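Trainee: I would like to learn how to read a protein structure. Could you walk me through one, feature by feature?

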Amino acid sequence: MPPAGRRTAPVGELVERARAGDSRAVARLISLVEDESPLLREVMAALAPHAGHAHIVGITGSPGVGKSTSTSALVSAYRETGKRVGVLAVDPSSPFSGGALLGDRVRMQDHATDRGVFIRSMASRGHLGGLSWSTPQALRVLDAAGFDVVLVETVGVGQSEVEIAGMADTTLVLLAPGMGDGIQAAKAGILEVGDIYVVNKADRDGVQTVTRDLRAMLALADRAEGAWLPPILKTVASRAEGVAEVVQAIEDRLTWMRGNGVLTERRRSRARDEIEAIATTALRARFAHLHGDARLDVLAAKVADGGTDPYAAADELIAAL
C-alpha cells in the first residue's frame, strides 16, 4: 500500500508514462509490484499487451567476481548502440528493514543521468534462488516500458542461486581467477546454468587455469546434436576490455535462439512457471486460514485416534474447500 498521504496515479496513466520513458512511472510500477499492491492485477493486465520484446540477460557468479562492474560495462556497450537498457540488481536483504543492503545506484553512477538507462535494486528478502520473488513481474514492467535489453544481476551463485537460468533468455556466468571457481562451478550446477561464460579480471594470474578447467568441464557435459555450445570469454570489466565480445556473444545467442525456436519455448516455460507460482501462492493463502478451522480439528482427531490416515484426511479437506 502507498504511504499515507501519497496518491497513486491511475494504472493506465502510469503505464502510458512508463512507455513514454518516464523513469518515475517505471519506478512506481515496480514499487507496486514489490509492495504486493491491491492494484497489482490491474497493473499486470495493463502491461500484458506491451510485453514480450526485451531480451532478458541474467548475470550471475560468485560474490566478488565483478558482477556489478560487468553489468555497468555492458550497459555502456549497449548504450553505444542506441539501445535502452533496464537493470534489476537483486541484493541481499537488510535484517532490519528488509530492503536491499547494497545500492546499485551507487555502484553504477556513470549511468545515473542517462534517460536511456533504468537501474533498480531489489531486495531478495530471504528468497532462495538468487532473485527476489517479485522479479518476474518487475521484468514485465521493464519489458512493457520499451527497454530493448534488461540485465538481471543476481545476489551471487551458490548451491541454490541458479533460478536465473529459468528467468532469463540468456544467462552469463562470471568467474574470476583465484576464487576457487573451478570447484564452485562443479558443485553449484553452473554447467547447466550458463549460456555464456565470462572469466573476468583476466589481467590476474591464474586466468589460463580457470579457462582450461572450465573448458574441460564443459567438454564433459552431455549436449544434444545442434545444441548451443557456450563460449568462454575473457574480460577486464573495470577497463571495458573484452566487453564488446561479450555483447556480440549475447547477440549471437539471441539469433541462434530465434532460429531454433528456443526463445519462444523459453518464454513459454517462464510463463508456465509464473502462472504456477501465482496459483500456488493463492492456494497457500486459502489454506493459511485453516488453522483452527473446525473441519481441520475434526479430521485431526480422526487421524490421532486411528480412524483415518493423514492422506485420506487431506483429500477430504481439499474436497471440502
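Mentor: Gladly! Let's start with a term: a residue is called buried under 20% relative accessible area, exposed over 50%, and partly exposed in between. Keep in mind that this is a predicted model. Now take Glu36: with a relative accessibility of 56%, Glu36 counts as exposed, because that value is over 50%.

Trainee: Where in the chain is the place of Glu36?

Mentor: Glu36 sits in the loop between helix 2 and helix 3, the latter covering 40–47. Its backbone is worth a look too: the phi of Glu36 is near 50 degrees, a positive value in a residue other than glycine. Lys201 also has a positive phi, of about 55 degrees, although Lys201 is not a glycine. You will find Lys201 in the loop between strand 6 (196–199) and helix 10 (207–220).

Trainee: Let me step back to the whole chain. How many helices and strands does the chain have?

Mentor: There are 14 helices and 7 strands. The chain has 321 residues, and 45% of them count as buried. Its accessible surface comes to about 16,300 Å², and 55% of that belongs to carbon and sulfur atoms.

Trainee: What share of the contacts between residues at least 6 apart in sequence join residues at least 24 apart?

Mentor: For this chain, the share is 74%.

Trainee: Next, the inside. What should I know about nonpolar side chains in general?

Mentor: In soluble globular proteins, nonpolar side chains tend to be buried together. Here, the largest nonpolar core has 42 residues. Those with the most contacts inside this core are Val26, Leu29, Ile30, Leu47, Val141, Leu142 and Val150. Helix 2 (residues 23–34) gives the largest share of this core, 6 residues. Apart from this core lies another one, of 25 residues, among them Ala73, Leu74, Val149 and Leu174.

Trainee: Let me pick one residue to follow. Which residues does Val141 touch, not counting residues up to four places away in sequence?

Mentor: Val141 touches Val26, Leu29, Ile30, Val33, Met44 and Leu47. Try selecting Val141 in the viewer and finding these partners one by one.

Trainee: And which residues make a nonpolar patch on the surface?

Mentor: Leu283, Phe287, Ile318 and Leu321 make a nonpolar surface patch of about 330 Å². Of these, Ile318 is found in helix 14 (residues 310–320).

Trainee: Now for charges. What can side chains of opposite charge do?

Mentor: Side chains of opposite charge can pair when their charged atoms come close. This structure holds 13 salt bridges. One of them joins Glu13 and Arg17, with the closest N and O atoms 3.6 Å apart.

Trainee: Why are Glu13 and Arg17 separated by about one helical turn?

Mentor: Because they are 4 residues apart in helix 1 (residues 11–19). Glu13 is partly exposed, at 39% relative accessible area, and Arg17 also counts as partly exposed, at 29%. There is a third member as well: Glu13, Arg17 and Asp22 are linked in a network of salt bridges.

Trainee: Which parts of the chain does the pair of Asp169 and Arg270 link?

Mentor: The side chains of Asp169 and Arg270 meet in a salt bridge of 3.1 Å, N to O. This pair links distant parts of the chain: Asp169 is in the loop between helix 7 (164–167) and strand 5 (170–175), while Arg270 is in helix 12 (residues 262–288), 101 residues apart.

Trainee: Is Asp169 buried or exposed?

Mentor: Asp169 is buried, with a relative accessible area of 0%. Arg270 counts as buried too, at 14% relative accessibility. For another setting, look at Arg272, which forms a salt bridge with Glu265, the closest N and O atoms being 2.8 Å apart. Arg272 is partly exposed at 46%, and Glu265 is partly exposed at 40%.

Trainee: One last charged residue, please. Where is Arg253 found?

Mentor: Arg253 is found in helix 11 (residues 243–260), and Arg253 is buried, with a relative accessible area of 3%. A polar contact of 3.2 Å joins the side chains of Arg253 and Asp195. Not counting residues up to four places away in sequence, Arg253 touches Asp169, Thr170, Asp195, Trp228 and Arg266. You have already met Asp169, as the salt-bridge partner of Arg270.

How values were computed
Residues are numbered from 1 along each chain as its sequence is written. This is a predicted model: local features need pLDDT of at least 70, side-chain atom pairs count only at pLDDT 80 or more; totals for chains, interfaces and linings use all residues. Side-chain values use heavy atoms; hydrogens and water are left out. A nonpolar core is a set of buried Ala, Val, Leu, Ile, Met, Phe, Trp, Tyr and Cys residues joined through side-chain atoms within 4.5 Å. Buried means under 20% relative accessible area, exposed over 50%, partly exposed in between (1.4 Å probe, protein chains only). Helices (H or I, at least four residues) and strands (E, at least two) are DSSP runs, numbered from the N terminus. Contact means heavy atoms within 4.5 Å. Patches are made of residues with over 30% relative accessible area and no salt bridge: like charges are joined within 9 Å, nonpolar side chains (Val, Leu, Ile, Met, Phe, Trp, Tyr) within 5 Å. Accessible areas come from the Shrake-Rupley method with a 1.4 Å probe; for residues, only the protein chains shown count as cover. A salt bridge is a side-chain nitrogen of Lys or Arg within 4 Å of a carboxyl oxygen of Asp or Glu. A polar contact is a pair of N or O atoms within 3.5 Å; within protein, one must be able to donate a hydrogen and the other to accept it, and residues adjacent in sequence count only if both atoms are side-chain atoms.
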